[in-house]
Structures are given as C-alpha cells and as structure tokens.
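I am opening a fresh page on this structure. I want to look up the ligand site, then some helix packing.

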Amino acid sequence: MRQTLVAGNWKMNGSLESIKQLVAGITAGAADSGDTAIAVCPPFVYIPLVSELLAGSKIALGSQDNSDQEAGAFTGEISCSMLNDFGCRYAIVGHSERRALYGEDDDFTARKFAAARKAGLTPILCVGESLEEREQGITEDVVARQLDAVIKLEGIAAIADAVIAYEPVWAIGTGKTASPRQAQDVHAFIRGKLAGLDQGVADKVQILYGGSVKGSNAKELFSMQDIDGGLIGGASLAADDFLAICTAGN
Ligand code: PEP
C-alpha cells in the first residue's frame, strides 16, 4: 500500500517572519495528521531556516527547483548538493510555472530530474496539460510525452525513486479543481502507462494530484484509487488550511 504524501509548494511567497509562523503552525498540528507524510518546499533562501525549524518533526523539506548541473559558472543556479547540505529530501522538477514562464522543456526537466536523483533527492516530477490541450483531447498525449522524456533519459526504474504530480495547468491557482473522476482518469492512465513498462514501478510510485486542492475537496480526491496525495500551492500558505489537507490524507 502506498503512503499518502501531501507536499506544500510555497512558490515565491512569504517573509522571514511569516515563514517562521507558518512552520510553527504546521509543526504544531502535524502530529494529528496520522500516517500522512508531509513535505514543504520553501523559496531557496529560506531553506536553511526551515531546515532548522523542522528538526525533530515528521515534516520533510523539499526544493521548488534545482539545477541540472553539479557546480560551476551557472549564475543564479542552486545545485542538488547544496540542497543536500540543508537536508532536503524532495525536489520539485518541471512545475508548470517553470515550463510556461521560464521555457523549461521536457528534455531540460528530464536533466533536472536526473541531477536530483543522482544526488539522492526524490524528484517530484510535475506533468499536466493546459486548458487548450484538454479541449483538443490530447491530455494523455501531453502527459505521456512529459513522462517519456524522463524515461528515455533515466530509464523506467528511475521512476520508482520519484514522485509524480499530475497538475492540470488549468486547475493551478485558478480555484478550478479537476473533479475526482477527471483526476483519477489521468492518474490511472499514468499508472497504466508505467505498468506497461514495469508493473513493480507502477505499483510503487506515488502519484499526487495538484490544482486548487483545499480542505473541502482533499478527502474525495485522495480517496480515488490512483491518487496518493497532493501537491498544494495556495492552500499550503496557511497552517490550518494545509493541515486540514494533511488530515484528509488519512
Ligand atoms: C501548484 O502550483 O503546484 C498548485 C497545485 O497550486 P494551487 O494549489 O494553488 O492550485
């Protein structure tokens, strides 16, 4: 049985003070979230602080991105070994905002995935279609293409060391959530595609749903057969909202 994982992506939000308060609120309530695994992904500059504040708690730390390179003249980049220095366990790669706003394509995302895995981080690989792509009926083609870039570079076995987050772009930060059935259909497609290559990998890999998850819809989404938790944006910025989602994972 796969453990439910709820990961908060704080994006470029927060301040020194608000992040201290947010972590205090989440750590105080995390014990009530039962068996659900929890992770938070702060902006890079707050990772050392959050790492210290999380010490001794059940909450894991993750990054929102990582360089595909190990070290060197790459101004502005953060390497996976730097993330390791501060105890990061997860690394989000291929978030739709990175793909759409910063032109990060499937191959670049695959190289970031490879770098994270090589450093012992667990990549959270984001995949998902735009509204236009859904309306064209090519959701599965898009998701398959995004997965195939990683499988081609790293092999199917690499997916067993990762987490996949299905995030329909039209549901991110818009308040529009995919219905549990819509989400489950794509999750089942992803697991089925992986099963066609390696049943063991398909059975093991956690597939999270992301896109306007809230305390009020999390339970229904997480109860679907192939949905193993959530990647949470907006609702991860308030401790009570985030904890309500974590509790729904039980
Ligand atoms: C996200 O950006 O990964 C996300 C799911 O955002 P939101 O929950 O705000 O839709």
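I start with a term I need below: a polar contact is a pair of N or O atoms within 3.5 Å. I also note that this is a predicted model.

**Entry 1: the ligand's polar contacts.** I looked up Gly233 first. A polar backbone atom of Gly233 lies 2.9 Å from an oxygen atom of the ligand. That is within 3.5 Å, so I log the pair as a polar contact. Next I checked Gly234. Here a polar backbone atom is 2.8 Å from a ligand oxygen atom. Then I turned to Lys11. In Lys11 a polar side-chain atom does the job, 2.5 Å from an oxygen atom of the ligand. How much of the ligand does the protein bury? Taken alone, the ligand exposes 300 Å², and the protein buries 95% of that.

**Entry 2: the shell.** I asked how many residues surround the ligand. The answer is 14. The closest are Lys11, His95, Glu167, Gly173 and Ser212. I then sorted the shell by residue type. I found 4 nonpolar, 8 polar and 2 charged residues.

**Entry 3: backbone at Lys11 and Ser212.** Both names come from the list of closest residues, and I looked up their backbone angles. Lys11 is not a glycine, yet its phi is positive, about 50 degrees. I placed Lys11 in the loop between strand S1 (5-9) and helix H1 (16-30). Ser212 is also a residue other than glycine, with a positive phi near 55 degrees. Where does Ser212 sit? I found Ser212 in the loop between strand S7 (206-210) and helix H10 (215-222).

**Entry 4: H7 and its partners.** I left the ligand and moved to helix packing. I took helix H7 (residues 139-154) with helix H8 (residues 180-195). The axes of H7 and H8 come within 11 Å and cross at roughly 40 degrees. H7 and H8 are therefore oblique to each other. The crossing of H7 past H8 is right-handed.

I then paired H7 with helix H5 (residues 106-118). The axes of H5 and H7 come within 9 Å and cross at roughly 50 degrees. Are they parallel or oblique? That angle makes H5 oblique to H7. H5 passes H7 in a right-handed crossing.

**Recap.** I keep two pictures from this page. In one, Lys11 offers a side-chain atom to a ligand oxygen, while Gly233 and Gly234 offer backbone atoms. In the other, H7 crosses H8 and H5 crosses H7.

Definitions and conventions:
Residues numbered from 1 in each chain as written. Predicted model: local features only at pLDDT ≥ 70, side-chain atom pairs only at ≥ 80, totals over all residues. Heavy atoms only, no water. Near = heavy atom within 4 Å. Polar contact = N/O pair within 3.5 Å; in protein donor to acceptor, adjacent residues only side chain to side chain. Areas by Shrake-Rupley, 256 points an atom, 1.4 Å probe, with all protein chains shown as cover. Nonpolar A, V, L, I, M, F, W, Y, C, P; charged D, E, K, R; others polar. Axes fitted to C-alpha atoms, helices over the stretch in contact; angles between N-to-C directions. Helix = DSSP H or I, 4+ residues; strand = E, 2+ residues; numbered from the N terminus. Parallel < 35°, antiparallel > 145°, perpendicular 65-115°, else oblique. Left-handed = near helix turned anticlockwise from the far one by under 90°.
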